[in-house]
Amino acid sequence: MYRRPLLLFAARSVSNAATSRAACGKALHQEAGVRALAACQRARVSSPCLTTRRNLQTTTQLCNVKETSQHMEVEVGAFTKLIEAMGFTGSLKYNKWKIKLAALRMYTSCVERINYDEFFEKCSLPDTLNSWFVVTQLHVWMCLVRMRQEGREGKYMCQYLVHSMWEDIDQRNKILGISAVQRKEATKVMTETFYAAIFGYDEGILSDDAVLAAALWRNLFSCQCEDPRQLELMVEYVRKQMQFIDALDADDLLLTGEVRWRPLVEENAQSILKVARPTYNDAGL
């Protein structure tokens, strides 16, 4: 029931979410990370198939994709900084309502274009709301990484993308019959989990596969994964997905928010498929 497509309600803001990032990020990065690293290192020695499949990460063929040009941060004046601090957007390359709509579409892509049953089966996750959440937050994080490259427009889109996620989760909890007090407590826990996951995933994507595997072991598997092949599968998935989404055109993402994810398991994971550009009218719809 919690996985049924919902209408997204964007009426409220989550103003206290960012305050949890530093505290929970440091707390979850200690003992669990060490255990996951040790598991990955043991798996690398004991399983010959891991060594073969890990070549995916070092091959020059996979890395030879279109590089996204680094966005030069636009210098803004004191007045623009003031109104942005008050919650307004100031001058943007595209209309803010178009960016909001694109953020909603991007979040919808993270929810409705994911085969959750396949993730639950391949990763041995229970079919619960929490499992749905950890899979969703992984894909939302990958979108956040991509959009943070797009300057002020991307920053604004990230804010509304996360806002849409919390609104959707609140509606799903209501459908499940959870009381307002329980929803508030559950949202608080999920918020801490989400920003701790972002902290770990950010570190993992900038580090080697062992660090990324540790982040996935803590956040996706909830420290319950005993099969190193599942960790390897998810590390491979995140690496190839990040390279794929990085090749998407920035203007298309800002105007449409359309993301078509690569499958969890595919026959030819070495090839980066040609990205099909979405179509939209003059109004950016």
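Two rings of Phe, Tyr or Trp count as an aromatic pair if their centres lie within 6.5 Å. Keep that in mind for the exercises below, which all use a predicted model.

**Exercise 1. Get your bearings: work out how many helices and strands the chain has, and how much of the chain is buried.**

Step 1. Start with the secondary structure: there are 13 helices and zero strands. Reading along the sequence, you just meet one α after another.

Step 2. Now look at the cover. Of the 285 residues in the chain, 48% are buried.

Step 3. Check how the chain touches itself. Take the contacts with a separation of 6 or more: 78% of them join residues 24 or more positions apart.

Step 4. Finish with the outside. About 15,100 Å² of the chain is exposed, and carbon and sulfur atoms supply 54% of that.

**Exercise 2. Find the aromatic pairs that involve helix α7, and describe how the rings sit.**

Step 1. The structure holds seven aromatic pairs. One of them is Tyr116 with Phe120, with 6.3 Å from centre to centre and 50° between the planes, so this pair goes down as tilted.

Step 2. Ask where the two residues sit in the helix. Tyr116 and Phe120 are four residues apart in α7, which means about one helical turn separates them. As a rule, residues three or four places apart in an α-helix point the same way, because the helix has 3.6 residues a turn.

Step 3. Check the cover. Tyr116 has 5% relative accessibility, so it counts as buried. Phe120, at 7%, is buried too.

Step 4. Move on to Phe119 and Tyr237. Their centres are 5.4 Å apart with 80° between the planes, an edge-to-face pair. This pair links distant parts of the chain, as Phe119 is in helix α7 and Tyr237 is in helix α12, 118 residues apart.

Step 5. Check the cover here as well: Phe119 is buried at 3%, and Tyr237 is buried at 1%.

Step 6. Elsewhere, ring pairs link Phe133, Trp166, Phe194 and Tyr195 into a cluster.

**Exercise 3. Test whether the length of helix α8 agrees with its number of residues.**

Step 1. Helix α8 has 19 residues, and at 1.5 Å a residue it should span 27 Å.

Step 2. The C-alpha atoms at its ends are 26 Å apart, which agrees.

Step 3. As for its surroundings, α8 is mostly covered, with 18 of its 19 residues buried.

**Exercise 4. Decide how many disulfides the chain has.**

Step 1. You need a cut-off: the two cysteine sulfur atoms must lie within 2.5 Å.

Step 2. Try Cys110. Its closest cysteine sulfur is in Cys143, 3.5 Å away, so that is too far for a bond. Cys110 is buried, at 0% relative accessibility.

Step 3. Try Cys225. The closest cysteine sulfur belongs to Cys123 and is 7.7 Å away, again too far. Cys225 is buried as well, at 7%.

Step 4. The count comes to zero disulfides.

**Exercise 5. Look at Ser124 and Cys223: where do they lie, and are they buried or exposed?**

Step 1. Ser124 has a phi near 55°, a positive value in a residue other than glycine. You'll find Ser124 in the loop between α7 and α8, and at 55% relative accessibility it counts as exposed.

Step 2. Cys223 also has a positive phi, near 65°. Cys223 lies in the loop between α11 and α12 and, at 26% relative accessibility, counts as partly exposed.

Conventions. Residues numbered from 1 in each chain as written. Predicted model: local features only at pLDDT ≥ 70, side-chain atom pairs only at ≥ 80, totals over all residues. Heavy atoms only, no water. Buried < 20%, exposed > 50% of the residue type's maximum accessible area, 1.4 Å probe, protein only. Phe/Tyr/Trp six-rings, centres within 6.5 Å; stacked < 30°, edge-to-face > 60°. Expected span 1.5 Å × (residues − 1). Contact = heavy atoms within 4.5 Å. Areas by Shrake-Rupley, 256 points an atom, 1.4 Å probe, with all protein chains shown as cover.
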